[in-house]
Amino acid sequence: MIRAFAREASSLAAIVKWRMTRRLLQKEGAAGRGSLPSAGRVVKLFMVLTMLCLAGVACTPQQIMEAELGMSLNQMRAENGLSPLGPDTELSAVARTRAEDMAQNNYFSHQPPDACDFRCLLNKQGISIAWAGEVIAWSNYPLDQAVPMAIDMWRTSPSHFGVITNRCFTRMGTGAAIAPDGRTYHVAVFEGGAPECLP
């Protein structure tokens, strides 16, 4: 009985989170790939998702890290005068696939053993690409320290920082995975074609 209730609560929480995400983005007219939600809406969306997870509303450690990653990346963009990027379910699925693949197959690289990198995965999903980028990180820190460590590493790496603060991106997806040995893998995938970047 308790297990059945927990499963039902978890499913309900997932539906609520999905509907809240969709509603907030639609209110801003951000359902289309080329449009951007306002900074306030994106920050609110990530805060709501993170608060739901931190409040224990049926969120896994993976989901908590993904929400925290999104908030932290947008904070880094805001510090550099850039608009925040809304969470994108398609890009998040690709980012999560990449993180899980590294965690399960014990490697760390932008080029996976099967040669299907994030661009390949985007193409397989039928996602058209204008500008795209990926940042990856891993650590063996405790779960509550894993995301801050990844963010600090990306912040101090010129190439990673350049991807995160690229003005051409209009959306992002975050993924996280925990390997059998306890290592955490973090991936953020960015895509977009902001009007000023199109030819």
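Helices and strands here are DSSP runs, numbered from the N terminus, with at least four residues for a helix and at least two for a strand. The model is predicted.

**Overall layout**

The protein has 7 helices and 4 strands. Along the sequence they follow the pattern α-α-α-β-α-α-β-α-α-β-β. Of the 199 residues in the protein, 43% are buried. Among contacts between residues at least 6 apart in sequence, 71% join residues at least 24 apart.

**The loop between H4 and H5**

Asn106 is found in the loop between H4 and H5. Ala115 lies in the loop between H4 and H5 as well. Most residues other than glycine have a negative phi. Asn106 has a positive phi, near 55 degrees. Ala115 is not a glycine either, and its phi is positive at about 70 degrees. How accessible is each residue? Asn106 has a relative accessible area of 56%, and the cut-off for exposed is over 50%, so Asn106 is exposed. Ala115 stands at 54% relative accessibility, so Ala115 counts as exposed too.

| Residue | Phi | Relative accessibility |
|---|---|---|
| Asn106 | near 55 degrees | 56% |
| Ala115 | about 70 degrees | 54% |

**The disulfide**

The structure holds 1 disulfide. Which cysteines form the disulfide? They are Cys116 and Cys120, with sulfur atoms 2.0 Å apart. The torsion about their S-S bond is about -90 degrees, so the disulfide is left-handed. Its two ends differ in accessibility class: Cys116 is buried at 8% relative accessibility, whereas Cys120 is partly exposed at 22%. The cut-off for buried is under 20%, which is why Cys120 falls outside that class.

**Nonpolar cores**

In soluble globular proteins, nonpolar side chains tend to be buried together. The largest nonpolar core in this model has 19 residues. Which members touch the most others? They are Val94, Met102, Phe118, Leu122, Tyr185, Val187 and Val189. Two helices and two strands each give two or more residues to this core: H4 (89-105), H5 (118-124), E2 (131-139) and E4 (184-192). H4 gives the most, with 6 residues.

Leu122 shows how such a member is placed. Leaving aside neighbours within four places in sequence, Leu122 is in contact with Leu91, Val94, Ile127, Ile129 and Val189. Two of these partners, Val94 and Val189, are themselves among the members that touch the most others.

Apart from this core lies another, of 18 residues. Its members include Ala146, Ile151, Phe169 and Ala188.

**H3 against H6**

Two packed helices are described by the angle between their axes and the distance between the axes. For H3 (residues 61-79) and H6 (residues 143-156), the axes come within 10 Å and cross at roughly 30 degrees. Angles under 35 degrees count as roughly parallel, so H3 is roughly parallel to H6. The crossing in which H3 passes H6 is right-handed.

Which residues make the contact? On H3 they are Pro61, Met65, Glu68, Leu69, Ser72, Leu73, Met76 and Glu79. On H6 they are Leu143, Ala146, Val147, Pro148, Ile151, Trp154 and Arg155. Ala146 and Ile151 appear again here: both belong to the core of 18 residues, and both take part in the contact with H3.

Methods. Residues are numbered from 1 along each chain as its sequence is written. This is a predicted model: local features need pLDDT of at least 70, side-chain atom pairs count only at pLDDT 80 or more; totals for chains, interfaces and linings use all residues. Side-chain values use heavy atoms; hydrogens and water are left out. A nonpolar core is a set of buried Ala, Val, Leu, Ile, Met, Phe, Trp, Tyr and Cys residues joined through side-chain atoms within 4.5 Å. Buried means under 20% relative accessible area, exposed over 50%, partly exposed in between (1.4 Å probe, protein chains only). Contact means heavy atoms within 4.5 Å. A disulfide is a pair of cysteine sulfur atoms within 2.5 Å. Axes are lines fitted to C-alpha atoms, for helices over the stretch in contact, and angles run from 0 to 180 degrees between N-to-C directions. Angles under 35 degrees count as roughly parallel, over 145 as roughly antiparallel, 65 to 115 as roughly perpendicular and the rest as oblique. A crossing is left-handed if the near helix is turned anticlockwise from the far one by less than a right angle, and right-handed if clockwise.
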